[in-house]
Amino acid sequence: MSSAAGRVIPCKAAISWEAGKPLVIENVEVAPPQAMEVRIKIMYTSLCRTDLYFWEGKGPNPLFPRILGHEAAGIVESVGEGVSDLQVGDHVLPVFTGECGDCNHCKSEESNMCDLLRLDYNRGVMLTDGKCRFSINGSPINHFLGTSTFSQYSVVHSGCLAKIDPLAPLDKVCILSCGVSTGLGAVLNVAKPKKGASVAVFGLGAVGLAAAEGARIAGASRIIGIDRSSKRFEEAKKFGITEFVNSKEHDRPIQEVLAEMTNGGVDRSIECTGNIDNMIAAFESVHDV
């Protein structure tokens, strides 16, 4: 076990004290993990648009103060009672949609919406006892998505950690815990395009590039990227994008452009921006039959 196992660990964390205000690096105390929890040392964390959205206070029931962050890679420092699948020194990725392994959703091949560990934006405490593991001078600091990776140490439910190969570079694989898995999984596990299919990808950020890669792996013959920045096309080619459409360069709905390009519409369409207009366009860009 770690020399600090069972004890509070003092460390630095970026605290979001109120909506839209700059994060503040503070000295925080991180309590030891309780039953079915794991304390990890965060080695690398990246910034996701979701963090920005909740920092701005746009999510339902804004909760502050809070330690944001969910896309990261770390090393297990200590484990709580009942944790059997992870041990000190394991390299892990935190995931905000975890798996208890026992509920009907976890046992189903069609869903990953775990009854216990499904996505919960409003919860700022741990499930075990309804308390925070972060504090400053005794005052609790709320968790975010059960991960809170903008801290040097964090406590996470064991079902929200994925063990990875210790040889994998942590500074690279940290984005697998959200952006890459979201886009890649949406294509390979949900859309499931057939070999030779046409696929439209709306938005060529991290999620969109991962979606394009998923379409490439699936064998799609045409992978059309839609974005407002033409600068993204060259990089997107590396991830499988075969054609590019700049939505700003057209004075008609982009779904009409795609329908014309593909003789009626694409086989699959993946929306990766979260923009409602793009969602409608993506839906309407798929052919009828």
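## Close-up views of a predicted chain

**Figure 1. The whole chain, with its 8 helices and 13 strands.** Start here to get your bearings, and keep in mind that this is a predicted model. A compact globule of 289 residues would have a radius of gyration near 19 Å, and the chain agrees with that, at 21 Å. Picture a box of roughly 65 × 40 × 35 Å along the principal axes: the C-alpha atoms fill it. How much of the chain is buried? Buried residues account for 45% of the 289. Now look at the contacts between residues with a separation of 6 or more: 63% of them join residues 24 or more positions apart. On the outside, the chain exposes about 14700 Å², and 52% of that area comes from carbon and sulfur atoms.

**Figure 2. Charges and salt bridges across the chain.** The chain carries 28 positive and 34 negative charges, and the mean positions of the two groups are 3 Å apart. The structure holds 15 salt bridges. The next three views show some of them up close.

**Figure 3. A network of salt bridges that links Glu37, Asp129 and Arg133.** Find Arg133 and Asp129, whose closest N and O atoms are 3.0 Å apart in a salt bridge. Are these two partners buried or partly exposed? Arg133 is buried, because its relative accessible area is 4%, below the 20% cut-off. Asp129 has 36% relative accessibility, so it counts as partly exposed.

**Figure 4. A salt bridge within helix H5, between Glu213 and Arg216.** The side chains of these two residues meet with an N to O distance of 2.6 Å. Both residues sit in helix H5, which covers residues 206–218, and they are 3 residues apart, about one turn of the helix. Arg216 is partly exposed, with 42% relative accessible area.

**Figure 5. A salt bridge between two strands, from Glu243 to Arg222.** Here the closest N and O atoms are 2.7 Å apart. The pair links distant parts of the chain: Glu243 belongs to strand E12 (residues 243–246) and Arg222 to strand E11 (residues 222–227), with their positions 21 residues apart in the numbering. Glu243 is partly exposed at 21% relative accessible area, and Arg222 is partly exposed too, at 26%.

**Figure 6. A cis peptide bond between Phe64 and Pro65.** Most peptide bonds are trans, which makes this a good spot to pause. The omega angle of the bond joining Phe64 and Pro65 is about -5 degrees. Where does Pro65 lie? Look in the loop between helix H1 (49–55) and strand E4 (71–79).

**Figure 7. Two residues with a positive phi, Met36 and Asn263.** Most residues other than glycine have a negative phi. Met36 is not a glycine, yet its phi is positive, near 65 degrees. You will find Met36 in the loop between strand E2 (24–30) and strand E3 (37–46). With a relative accessibility of 33%, Met36 counts as partly exposed. Asn263 also has a positive phi, about 60 degrees, although it is not a glycine. Its loop runs between helix H7 (254–261) and strand E13 (268–271). Is Asn263 buried or exposed? Asn263 counts as exposed, because its relative accessibility is 76%, over the 50% cut-off.

Note on methods
Residues numbered from 1 in each chain as written. Predicted model: local features only at pLDDT ≥ 70, side-chain atom pairs only at ≥ 80, totals over all residues. Heavy atoms only, no water. Helix = DSSP H or I, 4+ residues; strand = E, 2+ residues; numbered from the N terminus. Rg over C-alpha atoms; globule rule 2.2 N^0.38 Å. Buried < 20%, exposed > 50% of the residue type's maximum accessible area, 1.4 Å probe, protein only. Contact = heavy atoms within 4.5 Å. Areas by Shrake-Rupley, 256 points an atom, 1.4 Å probe, with all protein chains shown as cover. Lys, Arg positive; Asp, Glu negative; His and termini not counted. Charge placed at Lys NZ, Arg CZ, Asp CG, Glu CD. Salt bridge = Lys/Arg side-chain N within 4 Å of Asp/Glu carboxyl O.
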